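Visitor: I would like to go through this structure and ask how each label was earned.
Guide: Go ahead.

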Amino acid sequence: FYFSTTKAKRSYTEVRYTENSFLFFGKETAGLPKSLLTKYQERCIRIPIKSEARSLNLSNSAAIILFEALRQLGFPGLQREDNKFGLY
């Protein structure tokens, strides 16, 4: 289980995801409950952003972290190349 929050110390790229990893994201307006983040501090991850920014859009955050997890796993079940145009 990994919990996305702007308050985490560890970057989402420092995690080694597995096929059994679960990613949790909170509401854009409130994030995940503080009690959950406190209980699982070692499982909290963040996307590095400028200090002036409050946070990223929820869908963008989910896409960024999910893409990294899939990349680490070799994009299982996804098309990895398109030979239609002979580009690869």
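Visitor: What share of the contacts between residues at least 6 apart in sequence join residues at least 24 apart?
Guide: In the protein chain, that share is 66%. The model is a predicted one. An example of two residues far apart along the chain is A62 and F25, which are 37 residues apart, while their C-alpha atoms are separated by 7.3 Å.

Visitor: Which helices and strands does the chain have, and in what pattern?
Guide: There are two helices and three strands. Along the sequence the pattern reads β-β-α-β-α.

Visitor: How do you know that strand 1 and strand 2 are paired?
Guide: Two strands pair if at least two bridges are found between them. Strand 1, residues 2-4, is joined to strand 2 by two bridges, so the requirement is met. The two strands run parallel. Within this pair, Y2 of the chain stands opposite L23 in strand 2.

Visitor: What makes strand 2 and strand 3 edge strands?
Guide: Each pairs on one side only. The sheet is open, has three strands in the order 2-1-3, and its pairing is parallel. Strand 2 covers 23-24 and strand 3 covers 44-45.

Visitor: Why is S11 called buried?
Guide: Buried means under 20% relative accessible area. S11 has 7%, so it is counted as buried. S11 sits in the loop between strand 1 and strand 2. Leaving aside neighbours within four places in sequence, S11 is in contact with I45, R46 and P48.

Visitor: And why is A62 called partly exposed?
Guide: Partly exposed is the range between the buried limit, under 20%, and the exposed limit, over 50%. A62 has 24% relative accessibility, so it falls in that range. A62 lies in helix 2.

Visitor: How many of the residues are buried by that rule?
Guide: The protein chain has 88 residues, and 23% of them count as buried.

Visitor: What makes a set of residues a nonpolar core?
Guide: The members must be buried residues of certain nonpolar kinds, joined through side-chain atoms within 4.5 Å. The largest such core has eight residues: Y2, Y12, V15, Y17, I45, I47, I65 and A69. Apart from it lies another core, of five residues, among them F3, A8, L32 and C44. In soluble globular proteins, nonpolar side chains tend to be buried together.

Visitor: Which residues does I47 touch?
Guide: Not counting residues up to four places away in sequence, I47 touches Y12, L56, S61, I64 and I65.

Visitor: What makes a space a pocket here, and how much space lies in the largest pocket?
Guide: A pocket is an open set of points with protein on both sides, whereas a cavity is a set from which the probe cannot get out. About 740 Å³ of space lies in the largest pocket. Of the 28 residues lining this pocket, the closest to its centre are S4, T5, T6, K7 and L37. Helix 1 (34-39) and helix 2 (58-72) are the elements giving two or more residues to the lining. The largest share, three residues, comes from helix 1.

Visitor: How do the residues of that lining divide into nonpolar, polar and charged?
Guide: The lining of the largest pocket has ten nonpolar, eleven polar and seven charged residues.

Visitor: What is noted about the phi of F75?
Guide: F75 has a positive phi of about 55°, although F75 is not a glycine. F75 lies in the segment after helix 2.

Notes
Residues numbered from 1 in each chain as written. Predicted model: local features only at pLDDT ≥ 70, side-chain atom pairs only at ≥ 80, totals over all residues. Heavy atoms only, no water. 1 Å grid on protein atoms, 1.4 Å probe; cavity = no way out; pocket = protein on both sides within 12 Å on 5 of 7 lines; lining within 4 Å. Points joined across faces, edges and corners; volume = space filled by probe spheres on them. Helix = DSSP H or I, 4+ residues; strand = E, 2+ residues; numbered from the N terminus. Nonpolar A, V, L, I, M, F, W, Y, C, P; charged D, E, K, R; others polar. Buried < 20%, exposed > 50% of the residue type's maximum accessible area, 1.4 Å probe, protein only. Contact = heavy atoms within 4.5 Å.
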